[in-house]
Amino acid sequence: MPVATDIRSRWLPPLLVVLAVGIVYANALQASFQFDDWDVIVRDPRVQSLAAWWASMPGMRPVLKLSYALNHASGFGVTGFHLVNILIHAGNGLLMLYLMQRLETQTGHRSGGLALAATLIFVLHPVQTEAVTYASGRSTSLSAFFALASIAVWVAGRSGTQRAALYMYGASPLLMLLGIATKESAVMVPAILLLWAAADVSRPFSWRQIGQQSALHWLLLLVALFTALLLPAYQQFLATSLATRSMAENLIAQLHGITWLLSQLLDIDRLNADPALQVQTTLDLNGSMLLVGIVVAAGTAISNIRRYPLPAFAVLWFLLWMAPGNSLLARLDLVNDRQLYTALAGPA
């Protein structure tokens with residue numbers, strides 16, 4: 001009987017996560033293509049076949065486009081695109097469950113149900129709908145999958161065995177690169193590894209050790225950034241971004257954007273995946289208060305990461321994952337729900 005109980009306790013949480021995703025998003029299989037889907041999936045000649053994808057390389061977000069090409073090659077049409085998106089979201093739920101269980105253990109919070117509850121919030125919160133049911137939302141969810149897998153493999157690799165070292169120094173950096181090649185937000189993986197080590201109060205924190213364990217990630221990140229700057233598509237993206245708003249103006253504009261995104265976490269009856277927010281480039285009272293709040297929250301979390309690891313980790317996880325799309329480089333669409341996808345695990 002104890003063996004049966006152990007099996008249930010081990011397999012029941014992941015089963016619940018997968019079932020929850022399947023039940024809630026089953027109706028997405030009947031959805032059609034929407035908005036940017038027509039330009040980046042249906043009409044883009046570069047993703048209509050594997051041969052066309054290969055001929056278009058090197059290019060921007062190659063892994064994402066490869067996934068589109070594979071979907072087209074499968075012959076399952078729009079239903080196939082939505083099925084893959086649902087499976088990716090379920091995979092992210094399982095990865096998040098694993099990470100939250102490990103986090104719960106290493107921070108001394110053994111409530112038993114905390115990791116599962118937080119994971120269910122992550123996979124079921126309505127704000128995640130855009131990244132799952134919108135075919136083009138795969139850019140966010142698939143990048144998150146590779147990023148979370150990279151982190152999970154690295155966490156598992158900290159056990160110190162020879163096989164674990166292969167995970168940490170081989171598989172984890174490769175998964176990070178796949179994430180970056182899907183969407184650029186995966187560049188936050190090395191910073192998340194540092195955060196994870198700092199919040200692990202089950203072992204002493206060592207800058208030298210974390211530097212050794214994540215050195216390859218930082219090196220490959222620099223190589224990826226340098227390579228991206230050599231590609232015409234990224235050069236054009238950077239030029240368009242800087243022409244839209246200066247970095248300082250965009251930082252101010254994104255303060256108001258973050259305010260709106262935070263409201264999405266609670267105002268679930270008034271969600272809007274594509275809001276037409278007014279771009280504000282002057283720092284008013286509300287923006288100033290939010291800026292002070294972010295600085296104070298970040299400073300408090302950093303200074304208390306070893307004393308109160310779980311809440312500090314939650315705050316810094318959210319801020320780090322929000323940074324790529326809500327900081328210095330301007331976007332044509334100021335905010336959308338997808339920006340909250342991975343960051344949601346912090347509030348959860």
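## Backbone features in the loops

Phe 35 is exposed, with a relative accessible area of 64%, and its place in this predicted model is the loop that runs between helix 1 (2-25) and helix 2 (37-42). The backbone of Phe 35 has a phi near 50°, which is a positive value in a residue other than glycine.

A positive phi, of about 50°, is also found at Arg 61, although Arg 61 is not a glycine. Arg 61 belongs to the loop between helix 3 and helix 4 and is partly exposed, its relative accessible area being 22%; because the buried class is limited to values under 20%, Arg 61 falls outside that class. The loop between helix 3 (50-55) and helix 4 (62-74) also holds Pro 58, and the peptide bond that leads from Met 57 to Pro 58 is cis, with omega near 0°.

## The nonpolar cores

The largest nonpolar core has 75 residues, and within it Ile 151, Trp 154, Trp 317 and Trp 321 touch the most other members. Helix 8, which spans residues 138-157, gives the most to this core, with 10 residues. Apart from this core lies another, made up of seven residues, among them Phe 33, Ile 41, Val 47 and Phe 81.

What is Trp 317 in contact with, leaving aside its neighbours within four places in sequence? The contacts of Trp 317 include Met 96, Leu 148 and Ile 151, then Ile 192 and Leu 195, and further along the chain Thr 342, Ala 343, Ala 345 and Gly 346. Of these partners, Ile 192 and Leu 195 are among the buried residues of helix 10.

## Helix 10 and its surroundings

Helix 10 is largely enclosed by the rest of the structure, because 10 of its 11 residues are buried. The buried residues are Val 189, Pro 190, Ala 191, Ile 192, Leu 193, Leu 195, Trp 196, Ala 197, Ala 198 and Ala 199.

## Aromatic pairs and a cluster

The structure holds 11 aromatic pairs. In one of them, Trp 196 and Phe 313 meet edge-to-face, at 5.6 Å centre to centre and with 85° between the planes. This pair links distant parts of the chain, since Trp 196 is in helix 10 (residues 189-199) and Phe 313 is in helix 15, 117 residues apart. Both Trp 196 and Phe 313 are buried.

Phe 205 and Trp 207 form another edge-to-face pair, with 5.2 Å between the centres and 80° between the planes. How exposed is each ring-bearing residue of this pair? Phe 205 is partly exposed, at a relative accessible area of 27%, whereas Trp 207, at 63% relative accessibility, counts as exposed. Elsewhere, Phe 33, Trp 38, Tyr 68 and Phe 81 form one aromatic cluster, and two of its members, Phe 33 and Phe 81, are also listed in the core of seven residues.

## Two buried residues with polar or charged side chains

Arg 338 lies in the segment after helix 15, and at 15% relative accessibility it counts as buried. Not counting neighbours within four places in sequence, Arg 338 is in contact with Glu 130, Ala 131, Tyr 134, Ser 136, Gly 137, Ser 139, Thr 140 and Asp 333.

Ser 141 is found in helix 8, the helix that gives the most to the largest nonpolar core, and counts as buried at 1% relative accessibility. Beyond residues up to four places away in sequence, Ser 141 touches Ile 88, Asn 92, Ala 131 and Tyr 341. Ala 131 thus appears among the contacts of Ser 141 as well as among those of Arg 338.

## The second largest pocket

The second largest pocket has a volume of about 380 Å³ and is lined by 19 residues, of which Ile 258, Ile 294, Phe 318, Leu 319 and Met 322 lie nearest its centre. By class, the lining consists of 16 nonpolar and three polar residues, with no charged residues.

Which helices supply at least two residues each of the lining of this pocket? They are helix 13 (247-264), helix 14 (285-303) and helix 15 (309-322), and helix 15 gives the most to the lining, with six residues. Helix 15 also carries Phe 313, the partner of Trp 196 in the pair that links distant parts of the chain.

Note on methods. Residues are numbered from 1 along each chain as its sequence is written. This is a predicted model: local features need pLDDT of at least 70, side-chain atom pairs count only at pLDDT 80 or more; totals for chains, interfaces and linings use all residues. Side-chain values use heavy atoms; hydrogens and water are left out. On a 1 Å grid over the protein atoms alone, a cavity is a set of points where a 1.4 Å probe fits but cannot get out, and a pocket is an open set with protein on both sides within 12 Å along at least five of seven lines; lining residues have an atom within 4 Å of a point. Grid points are joined across faces, edges and corners, and a volume is the space filled by probe spheres set on the points. Helices (H or I, at least four residues) and strands (E, at least two) are DSSP runs, numbered from the N terminus. Ala, Val, Leu, Ile, Met, Phe, Trp, Tyr, Cys and Pro count as nonpolar, Asp, Glu, Lys and Arg as charged, and the others, Gly among them, as polar. Buried means under 20% relative accessible area, exposed over 50%, partly exposed in between (1.4 Å probe, protein chains only). Contact means heavy atoms within 4.5 Å. A nonpolar core is a set of buried Ala, Val, Leu, Ile, Met, Phe, Trp, Tyr and Cys residues joined through side-chain atoms within 4.5 Å. Rings of Phe, Tyr and Trp (its six-membered ring) pair if their centres lie within 6.5 Å; planes under 30 degrees apart count as stacked, over 60 as edge-to-face and the rest as tilted.
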